[in-house]
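The paragraphs below lead through the sheets, the helices packed on them, the ligand site and a few backbone details. Please keep the sequence and the structure in view while reading.

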Amino acid sequence: MVKAVTADYRYYNELPERGDFYREVIAGFSQHPRRIPPKYFYDEEGSRLFESICEQPEYYPTRTEIALLERYAGEVGALVGSGCYLVEPGSGSCEKARLLLDALRPAAYVPMDISCEHLRAAAAGIAADYPWLDVHAVCADITREVSLSFIPEQAKPVMFYPGSSIGNFDPDDAVEFLACLAQIAGPGGGLLIGVDLKKDHAILHDAYNDASGVTAAFNLNLLQRVNRELQADFNIDAFEHFAAYNSVAGRVEMHLISTRKQTVNIDGHRFAFNAGDSIHTENSYKYTQDEFCVLAQQAGFASCAVWTDADRLFSLHFLRVR
Ligand code: AVJ
C-alpha cells in the first residue's frame, strides 16, 4: 500500500503593499549619492539572476560556504541538539538549509523571504522532500519587524543566516539586526551565520565582476524593476554596472553609473543625471573572524564555534544568545 504524504506547508504573508518600494526609491533618489536599498534586487527576475551569480566561477562565497556546511553539519547538530525551530531570514531557494536538516532534525523549518513566489516554490520543495518536517513559510521584509507568533514559547529557535547577507548592513545596522535575531532566538537560542572574510582585493573584485556579466545584469535589473513597477523610463543602455572593493570602509560597493547626461521620470518625479553620476545599489562588508565576533558580542551573542576553509575565503560562526 502506498502511504499518502501531504507535501504541505503553512504560509504567512507579512509584506506591505507596493508603497514601500515607491517611497524608498523616491527617498533614496533625494540623497547624494542616490541610492536604492539592495533588498529590492530580489524580484522574481532578480532572485533568478542571484542564483545564477552563485554558480559563476568567480563567485566563491556560495560554493565555499556549501562545503563548510557539508563538512560541519554534524558538529552544528551536536551543538544544537534535535527539535529546534530552524528560522532562516532571507531563505531564497532554501538550498543551504537542506544541508542541515538531516543533521539537525529540527521540529520546524521557518524560511522567510521578500520574494513571495520564489519562497512558496522553495517551501513546497522542502515540504515534499522532508515529510517529517513542519514548514512555516513567512513572506516578509526581514529588515522590518516580523511577528513569528506561531513559534511556541518553549521552542529554542536557531537562526540561520548564511550567504554573508549580513554584509549588506552597515556595521551599526548589522549589530541592530543581529540583536533582533537574538531577540527572536531568546536566551539559550542560537545563530548559525555565514560571513565573508577580508581577503586579496583581486579575488573580491572578480567575484563582483564576473566575466559572463551576470552580476552586471543583476545590478541593472533593479532599474528594469523600477521601470516595471513604478512607471519609470530608465534607459537601461545608458547606465553601467560598477563594483569595486573600498578598502578603507572594508566593503565591496556596487553602483549603477550614468554613461551620459540624461533625465529620468519616475511616476511624475524628474531626476537629472550627468555622465558619471552614480546610484549606489549595494554594500557588501567583509569581516575578519575577530571583527565579526566583536559585532556579534555587541548584539548579545557569545561565540561558540567558528569554521573556515583552508584558503580562508569564508567563515561560518555558531553563536549562542548570552
Ligand atoms: C547576498 C548580499 C551576500 O553581497 O555577495 C552578489 C549579493 N551582490 N553579487 C553579496 C551579491 C552581487 C550578495 N549577498
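Which residue in β14 stands opposite Ala305? In this predicted model, the residue facing Ala305 is Phe318. The pair belongs to the contact between β13 and β14 (residues 314-321), two antiparallel strands joined by seven bridges. Helix α6, made of residues 171-185, packs on the sheet here and touches β3, β6, β7, β13 and β14. The direction of α6 makes about 150° with that of β6.

The sheet as a whole is open and has eight strands, ordered β1-β5-β4-β3-β6-β7-β14-β13, with mixed pairing. Its edges are β1 (10-13) and β13 (301-308), each of which pairs on one side only. From one strand to the next the twist averages 20°. A further helix, α4, lies across β3, β4 (108-113), β6 (157-161) and β7 (190-196). Relative to β3, α4 runs at about 170°.

The loop between β3 (85-89) and α4 (95-104) holds Cys94. Cys94 is not a glycine, yet its phi is positive, at about 65°.

A further open sheet consists of four strands in the order β2-β12-β9-β8, and here too the pairing is mixed. The edge strands are β2 (34-35) and β8 (239-246), each paired on one side only. Strand β8 runs antiparallel to β9 (residues 251-258), and eight bridges join the two. Within this pair, Phe239 stands opposite Ser258 of β9. Helix α8 (residues 214-230) packs on this sheet, where it touches β8, β9 and β12 (278-285). The directions of α8 and β9 make an angle of about 60°.

The chain enters β2 from a loop that begins after α1 (19-29), and Pro33 sits in that loop. The peptide bond between His32 and Pro33 is cis, with omega at about -5°.

Next comes the ligand. Around it are 14 residues, of which Tyr59, Gly163, Tyr208, Glu282 and Ser284 come nearest. Three side chains among these place a polar atom at short range: Tyr59 has one 2.5 Å from a ligand oxygen, Glu282 has one 2.6 Å from a ligand nitrogen, and Ser284 has one 2.7 Å from a ligand oxygen. On its own the ligand has 350 Å² of accessible area, and the protein covers 96% of that. Two or more residues of the shell come from each of α2 (44-53), α8 and β12. Thus α8 and β12, which touch each other in the four-stranded sheet region, both contribute to the ligand's surroundings. Sorted by class, the shell has seven nonpolar residues, six polar ones and one charged one.

One hairpin remains to be described. Strands β10 (residues 262-266) and β11 (residues 269-273) pair in the antiparallel sense over five bridges. Thr263 has Ala272 of β11 as its bridge partner. Two residues lie between the strands of this hairpin, and Asp267 takes a positive phi near 45° there.

Definitions and conventions. Residues numbered from 1 in each chain as written. Predicted model: local features only at pLDDT ≥ 70, side-chain atom pairs only at ≥ 80, totals over all residues. Heavy atoms only, no water. Pairing = 2+ DSSP bridges. Contact = heavy atoms within 4.5 Å. Axes fitted to C-alpha atoms, helices over the stretch in contact; angles between N-to-C directions. Near = heavy atom within 4 Å. Polar contact = N/O pair within 3.5 Å; in protein donor to acceptor, adjacent residues only side chain to side chain. Areas by Shrake-Rupley, 256 points an atom, 1.4 Å probe, with all protein chains shown as cover. Nonpolar A, V, L, I, M, F, W, Y, C, P; charged D, E, K, R; others polar.
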